[in-house]
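Reader: I would like to learn how to read side-chain features in a protein model. Could you take me through some of them, one by one?

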Amino acid sequence: MAEIIRYEHVDISYNGRRVIHDCNFSADEGEILGIVGESGSGKSTLIKAAMGLLGTAGLVTRGDIWYKGKNLPDLSPKEMRKICGAQIGMIFQMAGSSFCPIRTVRDQLFEFVSEHEKTDRHEFEDRARDLLHKFRFEDPKRVLDSYPFELSGGMQQRVGIAAAMLLNPKILMADEPTSALDVSVQKQVVEEMLMIREKFGTTILLVTHNLGIIRAMTDSMLVLKEGETMEYGNTAQILADPQSAYTQKLLAAVPKLRR
């Protein structure tokens, strides 16, 4: 498979304090890469850097993030607007917080699509309903008619994932997409993200602290500690034979069922 995104010697700082140190990894088309580590290790910072979402305090101070021959940190805001959403999508930890509470899901999704391409209401409606069907929503029209507060937290998250796929981006950045959900909804979200890879060939960069999800979903994984790479490579190999003491400690902390 062809490589689609590469981080080369990336340093990231907030207010002059370096939080990511010389990070190197890449992902191929259709690959799912998991980024794991304890809170504050820099997992979310890595994917936000590719989206230009570090805020006014954050800055890529060294290195490159390559996508289709372009170094993303060097692009202007106008150039990034063309890429974000259309070519690189984002799923946030709390999808409900990204929706406006006083506008219907339909109006917000239509506005999102219209920002990137010309479309009319009828074409959009058909596309949105078809996509929600793929995500196993039994009544897509009711979902589109709803205001976000009329949907459960799990449904909001699933609609947020479906919305990110409306423009069929090549890469999906997923920032702790299951951590705020109960176990049954987590299972649905995991299945839907695997379906995205299978049906659309989408590359997924998945930030999570859940090693069970890493084991179930990812092809490769990156282990971070305080912004430094502890381990990077094939998921099955790392979980079977971790080389760094930190990874061994993480795996030892996972609760195990006993007979």
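Author: We will go through rings, charges, nonpolar cores and two polar residues in turn. Please keep in mind that this is a predicted model.

Reader: Let's start with rings. How many aromatic pairs does a search of the whole structure find?

Author: The general idea is that a pair of aromatic rings is described by the distance of the centres and the angle of the planes. Here the search gives four aromatic pairs. In one of them, Phe110 and Phe124 have their centres 5.3 Å apart and their planes at 70°, an edge-to-face arrangement. This pair links distant parts of the chain, with Phe110 in helix H3 (residues 105-116) and Phe124 in helix H4 (residues 121-134), 14 residues apart.

Reader: Is Phe124 buried or exposed?

Author: Phe124 is buried, at a relative accessible area of 1%. Its partner Phe110 counts as buried too, at 16%, because the cut-off for buried is under 20%. Elsewhere, ring pairs join Tyr7, Phe25 and Tyr232 into a cluster.

Reader: Which charged end sits over the ring of Phe110?

Author: That is Arg121, whose charged end is 4.1 Å from the ring centre of Phe110. You can look at another example in Arg158, which places its charged end over the ring of Phe137, 4.2 Å from the centre.

Reader: Now to charges of opposite sign. How should I read those?

Author: Side chains of opposite charge can pair when their charged atoms come close. In this model, a search of the whole structure yields 17 salt bridges. Arg121 takes part in one of them, with Asp107, and the closest N and O atoms are 3.4 Å apart. Since Arg121 belongs to helix H4 and Asp107 to helix H3, this pair ties together parts that are 14 residues apart in sequence. Arg121 is partly exposed at 40% relative accessible area, and Asp107 is partly exposed at 28%.

Reader: Which residue forms a salt bridge with Glu111?

Author: Arg103 does, with 3.0 Å between the closest N and O atoms. Glu111 has 41% relative accessibility and counts as partly exposed, while Arg103 is partly exposed at 30%.

Reader: Where do Glu191 and Lys187 lie?

Author: Both are in helix H7 (residues 183-200), four residues apart, which is about one turn of the helix. Their side chains meet in a salt bridge at 2.6 Å, N to O. Lys187 is exposed, with 52% relative accessible area, whereas Glu191 is partly exposed, with 31%. Salt bridges can also share partners: Arg106, Glu125, Arg129, Lys141 and Asp145 are joined in this way into one network.

Reader: Let's turn to the nonpolar parts. Which residues touch the most other members of the largest nonpolar core?

Author: Leu109 and Phe135 do, in a core of 37 residues. Several elements supply at least two residues each to this core, including H3, H4, H7, strand E7 (171-175) and helix H8 (211-217). There is also a second, separate core of 34 residues, and among its members are Tyr7, Val60, Leu205 and Val207.

Reader: What is Phe135 in contact with, leaving aside its neighbours within four places in sequence?

Author: Its contacts are Arg158, Ile161, Ala162, Met165, Glu192, Met195 and Ile196.

Reader: How about polar side chains? Where is Thr104 found?

Author: Thr104 is in the loop between strand E6 (88-91) and H3. Thr104 counts as buried, at 13% relative accessibility. A polar atom of its side chain lies 3.2 Å from the backbone nitrogen of Asp107. Not counting residues up to four places away in sequence, Thr104 touches Leu144, Asp145, Ser146 and Tyr147.

Reader: And Asn71, is that residue buried or exposed?

Author: Asn71 is buried, with a relative accessible area of 7%, and is found in strand E5 (residues 70-71). Follow its side chain and you will find two partners to inspect. The side chain of Asp64 makes a polar contact of 3.0 Å with that of Asn71, and the backbone nitrogen of Ile65 is reached by the Asn71 side chain at 2.8 Å. Beyond residues up to four places away in sequence, Asn71 touches Gly63, Asp64, Ile65 and Trp66.

How values were computed: Residues are numbered from 1 along each chain as its sequence is written. This is a predicted model: local features need pLDDT of at least 70, side-chain atom pairs count only at pLDDT 80 or more; totals for chains, interfaces and linings use all residues. Side-chain values use heavy atoms; hydrogens and water are left out. Rings of Phe, Tyr and Trp (its six-membered ring) pair if their centres lie within 6.5 Å; planes under 30 degrees apart count as stacked, over 60 as edge-to-face and the rest as tilted. Buried means under 20% relative accessible area, exposed over 50%, partly exposed in between (1.4 Å probe, protein chains only). A charge sits over a ring if NZ of Lys or CZ of Arg is within 6 Å of the ring centre and within 35 degrees of the ring normal. A salt bridge is a side-chain nitrogen of Lys or Arg within 4 Å of a carboxyl oxygen of Asp or Glu. A nonpolar core is a set of buried Ala, Val, Leu, Ile, Met, Phe, Trp, Tyr and Cys residues joined through side-chain atoms within 4.5 Å. Contact means heavy atoms within 4.5 Å. A polar contact is a pair of N or O atoms within 3.5 Å; within protein, one must be able to donate a hydrogen and the other to accept it, and residues adjacent in sequence count only if both atoms are side-chain atoms.
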